[in-house]
Every structure is written in structure tokens, then in C-alpha cells.
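Colleague: Got a minute to walk me through this one? I'd like to go piece by piece.
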Amino acid sequence: MKTLLKRAGVAAGAVIIMIESVVALTAVKPLEGYVCMGLKSDKEFNDWVPGSMGPKPGGPEDPPVFQAPTEGSRLLGYNSSPVIVKWPVNEVGGFVEMLRLGGEKGWIKGDLLVPYGTVVRKDGTVIKKDKKCIPSLMSNGRIGFDIRAGK
Amino acid sequence: MVTKILRSVRAKIACGVLACAGLIGFAEWASADPGLVTQSGLPIQVQPTAPELGLPQFSYPAGNPDTSGGGGVGSSSVNYNACPGCDPTTTMMAQSWGQGAVDAATAAGVTGDSLAATCVVESNCQNIGGAGTVSGPFQMTNATYLQAIQEFAAANPDLSVDTSLAGKSDPANEAYAAAQYEADAAQYLQNNDIPNPTNLDIRGYYQFGQGPSAELAAASDSANLESIVQLSPAVMAANGITSTTTVGQWRQSYINKVGSLADQPVLL
């Protein structure tokens, strides 16, 4: 009987472990007071160059994020698109307040930002992708993106 | 990240008999093959993007932003137990160059498991050719290999590294470049404030390049993959990605090959 109970316990444990591993990363709720914005670029990801390699991490391709609205302040890191921008926009001296994925407030140059999903080509033509992004608190407790199709 | 997900889920699961029964049903549903994508001919790199001077100024969006978020309903789940028998490390270590790859990983500051996961997904750890200049167990393109191998050699002057293109045909030598590329990926995500990136987190960088990798790592499972990586239809097809493939399905396709290694940290 004890053996049976032990086996049942092991089986139950295995079931629970299995259940624990079925997860979904979902957007729990939108981050009030923030919007997604993109970074200026004349490239789409469609512009593949087979065999090319991305630049070094932290290189000039991704703009720096500072602790305060000045380049003299501490560098927090770099940001790729999308950028989580404080809404309504808080712009100070050309820098715009933003939120990093770890929840830290930062400042990024405002003239690098475009509406999310926008691509600007060198000839000035603008492409708007049919997608939208809502900065959200995710089911893993972190900040993330709820990205949907549509305008 | 995934570890945190698991912790979160663990905290929520304190089920009684009836609740367990319901969850078992859910688990069976979630573990079903959701129509998974496959990856081949990888990695693909994106053209680096750069802010261009002189581009037109944009005004910020007017009115209230759309914050009708949520997105949890109907989202696909990801089953981290989808491949209980998966053991990429054993697969890699069964190769003559397996230990050399582990040593390469250590030198680059990444785990041997992360390289094992990559080679299993890319080639089942076989030294084979791929599309274009892609070759080797890590399926690197020539250009990516050359840049990464030179970076690795510069950072490890005490190691004997063949930085020529010919060196790519030696899997242990290609492992140097692959390990460096993974380290670069992890550093890139950290720069984007994604701490302690997992093998799943850097998979997006390895497959789709730097550009969309942070967005992909932070996107919900229900997000449309194409809308993030913005592949051309031809490249999408070559990667087994359809216009309806979700991020969750893409994550599941990776987990199906590497099992629990998916949520292991990349960096030592």
C-alpha cells in the first residue's frame, strides 16, 4: 500500500512538473502612460544582405540611453526598436523620457524617434507597416510588447 | 526570463484534485503540435540599421494612444516539456570536436550547452553545407564567420585560432566563431536591458539577426512573427515561417529541439 501511495505521489509530482512547464508569455495589462515608438532607419529587415553580420553590440546603430536628459549623464545602455516612450511626451533639451525593458527610466534623443512600424528610406519615402505595439506588463512580471497586426 | 515564467507559474499552481484534473486537460491541449515552423539555412543576418542624418522630422502621434492591451486571451502556450528526451549536449559531445566546442564556449564566456543547443537546431551537430555560404555544424555564413572568428581571436590571443576562411571547415574552429556570436547576442540583449539572456532569448539574434532580436525576446507569444522580423516572403518560406506563424509557435519549434536548455542562461 505504501509503495502504491509512493508511486502515486511520484506520478502526481510528475504531472505537476509537466503542468508547470506549460506557460505562455502574454501581455497582462498595458503600461499606462507609455507608447511604443520606432527608431529612424532607412532599412527594412527585408533588406537582407546574406553573409553580412550585424555591428558590434552597443555600436552606433542603436542609440544610447542616458540616465538624465544630457549626453554627459551616465550611459544606461542602448536601445533597439521599439522604444517605450513616456506619454504624453516629456521632452527636455532634445531628449525624450523613456522606459527600459528592465523598468528603468532613461532618456533618448527625440529626433531619432518615429511612429512605431515606420520605415523612412533615404529618398524620403515613408513606409508604415500594418502593425501596432502596446507596451505591456507581461505574465513573467517583466515589461514587454503586445504586438498586433493592424493600423 | 523563462525561469521567471516558471517561477510565476509555480507560484500560481497549488492545485487540488479537481483543479489538477482540469490542468491536465489543459496540458494535453497545450502540448499538441501547434503546426511548428522549422528553421533551415541559418543564420540569416540583417543589414545593420542606422539612424540617418537629415531624415524628415516626425511629430508625435496625436490623440490618445491605443492602450487597449491585454492579449492574453487566446494566446498560444509554450510547452517546455515538449522534448523530455532532448539532450543537445550529449549530441554535441558525441562528435569528435565536441570537447573543443565546449572549450571554445568557455573562452567566449558562454555555456557549452548553448553551443550544443545551437548546433542541434542548425545541423543536428553535423558538419554539413547549407544555402549560399552557410556551412558547418553551426551553419554560419562566411562573412559572419570571418567577423566573429577575428573578434574571438583578438579577445583570446593565447589560443591557436585559424582566422582564415579555410578554418571554417574545422567544426572546432567554427565553434570559436559561433561562441563569440552567441556572446555578442547576449551582450546585445543585455544592452537592451534584458538581463541574463537565455538560449531562447538569443535564438532570435542567431536566426534573424540583431535588429529584431530584442523586440522578439520581449514579445508576447501571440504576436505575429513576421510583423517583428519583417522577412520577405521568400526568406519566410525558406525558414518555414508563414504569415500566420506566431512568436509562441516559433519558440515552441526551438524548444521541441533543445528541450529544457531553452530557458538556461547563455552566459557563464
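Colleague: Where is A:Pro82 placed in chain A?
Modeller: A:Pro82 sits in the loop between β5 (75-78) and β6 of chain A. Keep in mind that this is a predicted model.
Colleague: Ok, and is the peptide bond from A:Ser81 to A:Pro82 cis or trans?
Modeller: That bond is cis, with omega near 0 degrees. Most peptide bonds are trans.
Colleague: What about the bond from A:Trp87 to A:Pro88?
Modeller: Cis again, and there omega is near -5 degrees. A:Pro88 belongs to the loop between β6 and β7 (91-92) of chain A.
Colleague: Let's stay with chain A. How many helices and strands are there?
Modeller: Chain A has one helix and 14 strands. It counts 151 residues, and 54% of them are buried.
Colleague: How much surface does chain A expose?
Modeller: About 6,700 Å², with carbon and sulfur atoms supplying 59% of that.
Colleague: And what share of the contacts with a separation of 6 or more comes from residues 24 or more positions apart in chain A?
Modeller: In chain A that share is 55%.
Colleague: Now β3 of chain A: how many of its residues are buried?
Modeller: Six of the six. Strand β3(A) covers residues 34-39, and with every one of those six buried, it is largely enclosed by the rest of the structure.
Colleague: Which strands does β3(A) pair with?
Modeller: β6(A), residues 83-86, is joined to β3(A) by four bridges, and β10(A), residues 113-115, by three. The pairing is antiparallel with β6(A) and antiparallel with β10(A) too. If you want a residue to click on in each, A:Val35 is opposite A:Val85 in β6(A), while A:Gly38 has A:Val114 in β10(A) as its bridge partner.
Colleague: Switching sheets. In what order do β2, β13 and β14 of chain A line up?
Modeller: The order is β2-β13-β14, an open antiparallel sheet of three strands. β2 (27-30) and β14 (143-149) are at the edges; each has a single partner strand, so one side of each has no neighbour in the sheet.
Colleague: By how many degrees are neighbouring strands turned in that sheet?
Modeller: On average 55 degrees against each other, ignoring direction.
Colleague: How many bridges hold β2(A) to β13(A)?
Modeller: Three, in the antiparallel sense, and β13(A) spans residues 131-138. One pair to look at is A:Pro30 with its bridge partner A:Ser136 in β13(A).
Colleague: On to chain B. What is it built from?
Modeller: Chain B comes to 12 helices and one strand. From the N terminus the elements run α-α-β and then on through α elements to the end. Of its 268 residues, 54% are buried.
Colleague: What's the surface figure for chain B?
Modeller: The accessible surface is about 10,300 Å², and 56% of it belongs to carbon and sulfur atoms.
Colleague: How do α4(B) and α7(B) cross?
Modeller: Their axes come within 8 Å and cross at roughly 35 degrees; α4(B) is residues 98-108 and α7(B) is residues 171-191. The crossing is right-handed.
Colleague: Which residues make that contact?
Modeller: From α4(B), B:Ala101, B:Ala104, B:Ala105 and B:Ala108; from α7(B), B:Ala175, B:Tyr176, B:Ala179, B:Gln180 and B:Ala183. By class that gives eight nonpolar, one polar and no charged residues.
Colleague: And α8(B), how many of its residues are buried?
Modeller: 10 of the 10. α8(B) spans residues 199-208 and, being buried throughout, is therefore largely enclosed by the rest of the structure. The buried set includes B:Asp201 and B:Arg203. Just after α8(B), B:Gly209 has a positive phi of about 95 degrees.
Colleague: How far apart are B:Met140 and B:Tyr206?
Modeller: In sequence, 66 residues; in space, 9.5 Å from C-alpha to C-alpha. B:Met140 lies in the loop between α5 (112-123) and α6 (142-155) of chain B, and it is buried with a relative accessible area of 0%.
Colleague: Last thing, what is phi for B:Cys125 and B:Asn196?
Modeller: B:Cys125 has phi near 65 degrees, and B:Asn196 has about 45 degrees. Both values are positive in residues that are not glycine.
Colleague: Are B:Cys125 and B:Asn196 buried or exposed?
Modeller: B:Cys125, in the loop between α5 and α6, is buried with a relative accessible area of 1%. B:Asn196, in the loop between α7 and α8, is partly exposed at 41%.

Conventions
Residues are numbered from 1 along each chain as its sequence is written. Chains are lettered from A and ligands numbered from 1 in the order in which they are written. This is a predicted model: local features need pLDDT of at least 70, side-chain atom pairs count only at pLDDT 80 or more; totals for chains, interfaces and linings use all residues. Side-chain values use heavy atoms; hydrogens and water are left out. Two strands pair if DSSP finds at least two bridges between them. Helices (H or I, at least four residues) and strands (E, at least two) are DSSP runs, numbered from the N terminus. Axes are lines fitted to C-alpha atoms, for helices over the stretch in contact, and angles run from 0 to 180 degrees between N-to-C directions. A crossing is left-handed if the near helix is turned anticlockwise from the far one by less than a right angle, and right-handed if clockwise. Contact means heavy atoms within 4.5 Å. Ala, Val, Leu, Ile, Met, Phe, Trp, Tyr, Cys and Pro count as nonpolar, Asp, Glu, Lys and Arg as charged, and the others, Gly among them, as polar. Buried means under 20% relative accessible area, exposed over 50%, partly exposed in between (1.4 Å probe, protein chains only). Accessible areas come from the Shrake-Rupley method with a 1.4 Å probe; for residues, only the protein chains shown count as cover.
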